[in-house]
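Biologist: Could you take me through this structure? I should like to begin with what counts as a contact.

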Amino acid sequence: MLSSVFALQPDRWSESFLSDLTDYNIAKHYADLYLTTQTQLDYTILQPGALKEELGTGKIDTKIINPGSNSIANVVDTLVAILGNNSTIGKVILMHDGDTPIDEALNQL
């Protein structure tokens with residue numbers, strides 16, 4: 001499921017661009033909580049930062065300390081890669097554009 005960076009950490013919602021997305025993060029928070037605690041589904045939740053219309057690099061970072069930006073292409077490519085990577089099942093993955101190839105970043109989780 002596509003979510004939002006730090007959607008499960010409301011104490012972080014005042015940081016950076018997240019302060020403008022409170023209503024969105026509330027919705028994502030409850031959707032993520034429901035999926036992770038109230039279902040028996042095999043899930044993966046991807047929590048990217050700000051989406052930007054720029055070329056993708058095929059490289060991301062999943063060790064997120066601060067919210068960052070993502071090319072929409074990198075988010076789409078990461079979602080596709082998640083579908084083929086069973087090691088991501090049951091995980092909440094924070095991401096932003098970075099230096100690690102997508103498949104390698106997912107395998108390091």
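Modeller: Contact here means heavy atoms within 4.5 Å. Please bear in mind that this is a predicted model.

Biologist: Understood. Which residues does T44 touch, leaving out those up to four places away in sequence?

Modeller: T44 touches M1, I82, T88, I89, G90, K91 and I93 on that count. T44 itself sits in strand 1, which covers residues 44-48.

Biologist: Is T44 buried or exposed?

Modeller: T44 has a relative accessible area of 11%, and it is called buried because that value is under 20%.

Biologist: What does its side chain reach, and at what distance?

Modeller: The side chain of T44 reaches the backbone oxygen of T88, at 2.9 Å.

Biologist: Let us turn to the interior. Which residues make up the largest nonpolar core?

Modeller: That core has 10 residues in all: L46, I60, V75, A81, I82, I93, M95, I102, A105 and L106. Helix 2, strand 5 (91-97) and helix 3 (102-107) are the elements that each give two or more residues to it. There is also a second, separate core of 5 residues, including V5, L18, I64 and L94.

Biologist: Why might one look for such clusters at all?

Modeller: In soluble globular proteins, nonpolar side chains tend to be buried together.

Biologist: What does M95 touch, apart from residues up to four places away in sequence?

Modeller: M95 touches L46, Q47, P48, G49, I60, D61, I64, N70, N74, V75 and T78. Among these, L46, I60 and V75 belong to the largest nonpolar core, as M95 does, while I64 belongs to the second core.

Biologist: And where is I102?

Modeller: I102 is in helix 3 and is buried, with a relative accessible area of 7%. With residues up to four places away in sequence set aside, I102 touches G58, K59, I60, N74, D77, T78 and A81.

Biologist: How far is I102 from P10?

Modeller: Their C-alpha atoms are separated by 27 Å, and the two residues are 92 apart along the chain.

Biologist: Now the surface. Which residues form the nonpolar patch there?

Modeller: L51, I72, V76 and V80 form that patch, with about 330 Å² of accessible area together. Helix 2 (residues 72-83) gives the most to the patch, with 3 residues. V76 is in helix 2 and is partly exposed, at a relative accessible area of 42%.

Biologist: Moving to the segment before helix 1, which side chain makes a polar contact with that of S3?

Modeller: S3, in the segment before helix 1 (22-37), is joined to D32 by a polar contact of 2.6 Å between their side chains. S3 is buried, with a relative accessible area of 3%. Apart from neighbours within four places in sequence, S3 is in contact with Y24, K28, D32, I45, L46, Q47 and P48.

Biologist: What is the phi of F6?

Modeller: F6 is also found in the segment before helix 1, and its phi is near 60 degrees, a positive value in a residue other than glycine. Most residues other than glycine have a negative phi. F6 is buried, with a relative accessible area of 1%.

Biologist: Finally, where does T57 lie, and what does its side chain reach?

Modeller: T57 lies in the loop between strand 2 (50-52) and strand 3 (59-61). Its side chain reaches the backbone nitrogen of K59 at 3.1 Å. T57 is exposed, with a relative accessible area of 53%. T57 and N74 are 17 residues apart in sequence and 6.8 Å apart in space, C-alpha to C-alpha.

Notes. Residues are numbered from 1 along each chain as its sequence is written. This is a predicted model: local features need pLDDT of at least 70, side-chain atom pairs count only at pLDDT 80 or more; totals for chains, interfaces and linings use all residues. Side-chain values use heavy atoms; hydrogens and water are left out. Patches are made of residues with over 30% relative accessible area and no salt bridge: like charges are joined within 9 Å, nonpolar side chains (Val, Leu, Ile, Met, Phe, Trp, Tyr) within 5 Å. Accessible areas come from the Shrake-Rupley method with a 1.4 Å probe; for residues, only the protein chains shown count as cover. A salt bridge is a side-chain nitrogen of Lys or Arg within 4 Å of a carboxyl oxygen of Asp or Glu. Helices (H or I, at least four residues) and strands (E, at least two) are DSSP runs, numbered from the N terminus. Buried means under 20% relative accessible area, exposed over 50%, partly exposed in between (1.4 Å probe, protein chains only). A polar contact is a pair of N or O atoms within 3.5 Å; within protein, one must be able to donate a hydrogen and the other to accept it, and residues adjacent in sequence count only if both atoms are side-chain atoms. A nonpolar core is a set of buried Ala, Val, Leu, Ile, Met, Phe, Trp, Tyr and Cys residues joined through side-chain atoms within 4.5 Å.
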